[in-house]
Amino acid sequence: DGATLYLTQHLRAGTNPLYRVRTLDVATGRLHGALVDRLEGERDMGGDPVRRASSADGRWAYTLYARRGHEPFVHALDTAKREAFCVDLPLDVRYVDQWALRLKLDERSRLLSVTRGRSTLATVRTDSWKVEKPS
């Protein structure tokens, strides 16, 4: 409804950036604390944003992050409930190659696909956060 802005607070730049997601109440101008990852309880997250996808109604915002020395992950933000979920992707993809990854959301099947070119590397079930890799 436009009453809340979601902001990315960058805590550290460089080769291992850290950030946290915070909310701003538009009417009062009040900045609230960090949204905590509901799966792992993490407050600070690391990585570089690569791609975004949103649900048609704007409730969900999905961001794919690249990480040096780690697998990429998806940050799923529920803008209605103010909840965040981080989903690690079990992909053996070098950092430089993570920038070629794309997101494709199919709301009907509740699948968020991570692709490279015409290949699907992994799918995330948006109703359970389970990650599946094609066989």
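**Exercise 1. Secondary structure and overall dimensions**

Task: State how many helices and strands the protein chain of this predicted model has, and in what order they occur.

Solution. The protein chain contains one helix and twelve strands. Reading from the N terminus, the order is β-β-β-β-β-β-β-β-α-β-β-β-β. The radius of gyration of the protein chain is 15 Å, and the globule rule gives 14 Å for 135 residues; the two values are close, so the chain is as compact as a globular protein of that length. The C-alpha trace spans about 50 × 40 × 25 Å along its principal axes.

**Exercise 2. Burial, surface and charge**

Task: Describe the protein chain by its buried fraction, its contacts, its accessible surface and its charges.

Solution. Start with burial: 38% of the 135 residues count as buried. Next, take the contacts with a separation of 6 or more; residues 24 or more positions apart account for 37% of them. The accessible surface comes to about 8100 Å², and carbon and sulfur atoms hold 45% of that area. Finally, the chain has 23 positive and 18 negative charges, and the mean positions of the two sets lie 3 Å apart.

**Exercise 3. Tyr19 and Tyr65**

Task: Count the aromatic pairs, then classify the pair formed by Tyr19 and Tyr65 and locate its members.

Solution. The count is seven aromatic pairs. For Tyr19 and Tyr65, the ring centres are 4.9 Å apart and the planes meet at 10°. Planes under 30 degrees apart count as stacked, so this pair is stacked. Tyr19 belongs to strand 2 (residues 18-25) and Tyr65 to strand 6 (residues 60-66); with their positions 46 residues apart, the pair links distant parts of the chain. For burial, the cut-off is under 20% relative accessible area. Tyr19, at 2%, is buried, and Tyr65, at 5%, is buried too.

**Exercise 4. Phe85 and Trp129**

Task: Repeat the analysis for Phe85 and Trp129, and name the cluster that contains them.

Solution. The ring centres of Phe85 and Trp129 are 5.1 Å apart and the angle between the planes is 25°, which makes the aromatic pair stacked. Phe85 sits in strand 8 (residues 83-88), while Trp129 sits in the loop between strand 11 (119-125) and strand 12 (131-132). These positions are 44 residues apart in sequence, so the pair ties together separate parts of the chain. Phe85 has a relative accessible area of 11% and is therefore buried; Trp129, with 15%, is buried as well. Ring pairs join Phe85 and Trp129 with Trp60 and Tyr62 into a cluster.

**Exercise 5. Two further buried positions**

Task: Give the strand and the burial state of Ser113 and of Val87, and then their listed spatial partners.

Solution. Ser113 is part of strand 10 (residues 111-116). Its relative accessibility is 14%, so Ser113 counts as buried. Leaving out residues up to four places away in sequence, Ser113 touches Arg102, Leu103, Lys104, Thr120, Ala122 and Thr123.

Val87 is placed in strand 8. With a relative accessibility of 4%, Val87 counts as buried. The C-alpha to C-alpha distance from Val87 to Val131 is 8.0 Å, although the two are 44 residues apart in sequence.

How values were computed. Residues are numbered from 1 along each chain as its sequence is written. This is a predicted model: local features need pLDDT of at least 70, side-chain atom pairs count only at pLDDT 80 or more; totals for chains, interfaces and linings use all residues. Side-chain values use heavy atoms; hydrogens and water are left out. Helices (H or I, at least four residues) and strands (E, at least two) are DSSP runs, numbered from the N terminus. The radius of gyration is taken over C-alpha atoms; the globule rule is 2.2 Å times the number of residues to the power 0.38. Buried means under 20% relative accessible area, exposed over 50%, partly exposed in between (1.4 Å probe, protein chains only). Contact means heavy atoms within 4.5 Å. Accessible areas come from the Shrake-Rupley method with a 1.4 Å probe; for residues, only the protein chains shown count as cover. Lys and Arg count as positive and Asp and Glu as negative; His and the chain ends are not counted. The place of a charge is taken as NZ of Lys, CZ of Arg, CG of Asp or CD of Glu. Rings of Phe, Tyr and Trp (its six-membered ring) pair if their centres lie within 6.5 Å; planes under 30 degrees apart count as stacked, over 60 as edge-to-face and the rest as tilted.
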